[in-house]
Amino acid sequence: MFSVEWEEIPHFTAVPDSFITKYMPQAPAEYVKIFIYLLMLAHKKSGEPQNPDLCSVFNISKIELDSALKYWENKKLLELYYRSGEITGVKIRLNVSEQVKDSHRLNQSRVRSLMTDGSDAQTLCFVAEQYLSRPLTSTEVGTLLYFLDELKFPLDLCEYLVEYCVSRGHTNIHYIEKVGLTWHKNGYKSAEEAKENSSSWSKIHFDVLKAFGIGGRNPIKKEIEYIDKWYKTYCFSLDIITEACSITLSKTGKQSFEYADTILKSWRDSGVRSLKDIENLEKEFKLKKKQPANSKNTNKNQFLNYQQRSDDLYELERQLDRQFAEMTEDQNGTD
């Protein structure tokens with residue numbers, strides 16, 4: 001027998017599993033850090049300071065901090081308190097007793113009933129073991145057969161699912177599960193359909209997902225359509241697209257491809273081809289806002305293009321705010 005003890009008892013911050021599995025994978029990384037820091041503050045004793053300068057802690061602006069807090073408010077994990085329009089406090093509303101759903105897999109009783117000689121289930125497990133070069137665990141068997149039995153994937157699609165993931169260096173069953181669920185969401189019915197659509201994924205698709213703070217999964221059909229339009233139709237470079245993603249997150253606190261699309265369409269119409277063009281548009285917009293309403297240059301031959309682009313940018317901001325408000329109302333109405 002031997003004993004184990006702490007030299008100094010540590011302080012812990014409990015992060016509920018429901019936050020890690022349900023909310024964290026889709027949230028921007030900076031927002032996750034801020035939320036965990038708030039959890040730490042909530043765990044502190046009442047006698048310790050509770051009002052740190054979060055902007056200094058994370059080296060961010062007040063606008064960025066407010067965007068993060070409003071993001072979690074939209075997810076209904078925070079309740080924000082205001083005074084004179086300023087955020088003065090938060091209440092964490094995360095349900096720590098919420099049960100995390102188990103992985104998508106069959107129970108052992110159902111697995112045993114499917115594993116008969118010559119069955120598709122037995123064939124799938126044999127093929128998967130060849131690809132992985134090792135025996136399958138009970139969790140892996142249950143997950144693979146979930147796609148075959150519950151989601152009605154044909155055998156060739158299940159086999160290609162394993163082949164696809166292994167060929168990209170991923171042998172973890174959780175990665176295979178995520179890819180399979182994405183294929184199910186996209187409505188793939190055969191290996192040929194999965195091959196055709198999966199080949200359309202490129203580095204830029206994943207770079208754009210990363211810009212939105214989305215990781216751990218493949219792009220879905222609608223996201224691919226947006227990204228292809230921005231890259232192939234609008235012919236924008238990655239830095240311009242990611243700038244639109246950054247503005248979207250800052251403005252809305254959400255990973256809204258619709259909102260980003262509106263921004264990029266306006267930039268295309270304004271002839272934007274570089275980040276410098278975006279910077280110039282912003283300067284024109286700010287200068288225009290400072291001018292009195294009756295100070296517009298009436299000389300149609302001088303600065304005409306400048307005034308038009310500034311007016312367009314002002315109108316764009318109004319349209320974006322209006323459209324985002326409508327999207328939020330629609331989403332709240334369907335919750």
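Begin by selecting D149 in this predicted model, and look at what surrounds it: leaving aside residues up to four places away in sequence, D149 touches L106, R110 and L114. D149 is found in helix α7, which covers residues 138-149. Is D149 buried or exposed? Its relative accessible area is 12%, and because buried means under 20%, D149 counts as buried. Now add D120 to the selection and draw a line between the two C-alpha atoms, which are separated by 9.8 Å although D149 and D120 are 29 residues apart along the chain.

Before going on, zoom out to the whole protein, which has 16 helices and 2 strands. Of its 335 residues, 38% are buried. If you consider the contacts with a separation of 6 or more, residues 24 or more positions apart account for 62% of them.

Next, keep D120 in view and select helix α6, residues 120-132, together with helix α8, since the axes of these two helices come within 10 Å and cross at roughly 15°. Angles under 35 degrees count as roughly parallel, and therefore α6 is described as roughly parallel to α8. Which residues make the contact between α6 and α8? On the α6 side they are D120, T123, L124, V127, A128, Y131 and L132, while on the α8 side they are L155, C158, E159, V162, E163 and V166. The crossing in which α6 passes α8 is right-handed.

Stay with α8 alone for a moment and follow it from residue 155 to residue 167, a run of 13 residues that reaches 18 Å from the first C-alpha to the last, close to the 18 Å expected at 1.5 Å a residue. Colour its buried residues, which are L155, L157, C158, Y160, L161, V162, Y164 and C165. L155, C158 and V162 are also among the residues of α8 that make the contact with α6. Following α8 you will find G169, whose phi is positive, near 85°.

Now turn to the aromatic rings, which form 17 aromatic pairs in this model. Select F19 and W72, a tilted pair with 5.4 Å from centre to centre and 50° between the planes. F19 lies in helix α1 (residues 17-23) and W72 in helix α4 (residues 62-74), so this pair ties together parts that are 53 residues apart in sequence. Both F19 and W72 are buried. If you add Y31, F35 and Y71 to this selection, you will have one aromatic cluster, made up of F19, Y31, F35, Y71 and W72.

For another aromatic pair, select W230 and F257, whose rings are stacked, with 5.9 Å from centre to centre and 10° between the planes. W230 is in helix α12 (residues 221-233) and F257 is in helix α14 (residues 257-269), so that the pair, 27 residues apart, links distant parts of the chain. W230 and F257 are both buried.

End the tour by keeping α14 and selecting helix α13, residues 238-252, which packs with α14 at an angle of about 130°, with the axes 9 Å apart. At this angle α13 is oblique to α14. The contact is made by I240, I241, E243, A244, I247, T248, K251 and T252 of α13, and by Y259, A260, I263, L264 and W267 of α14. Here α13 passes α14 in a right-handed crossing.

Key:
Residues numbered from 1 in each chain as written. Predicted model: local features only at pLDDT ≥ 70, side-chain atom pairs only at ≥ 80, totals over all residues. Heavy atoms only, no water. Helix = DSSP H or I, 4+ residues; strand = E, 2+ residues; numbered from the N terminus. Expected span 1.5 Å × (residues − 1). Buried < 20%, exposed > 50% of the residue type's maximum accessible area, 1.4 Å probe, protein only. Phe/Tyr/Trp six-rings, centres within 6.5 Å; stacked < 30°, edge-to-face > 60°. Axes fitted to C-alpha atoms, helices over the stretch in contact; angles between N-to-C directions. Parallel < 35°, antiparallel > 145°, perpendicular 65-115°, else oblique. Left-handed = near helix turned anticlockwise from the far one by under 90°. Contact = heavy atoms within 4.5 Å.
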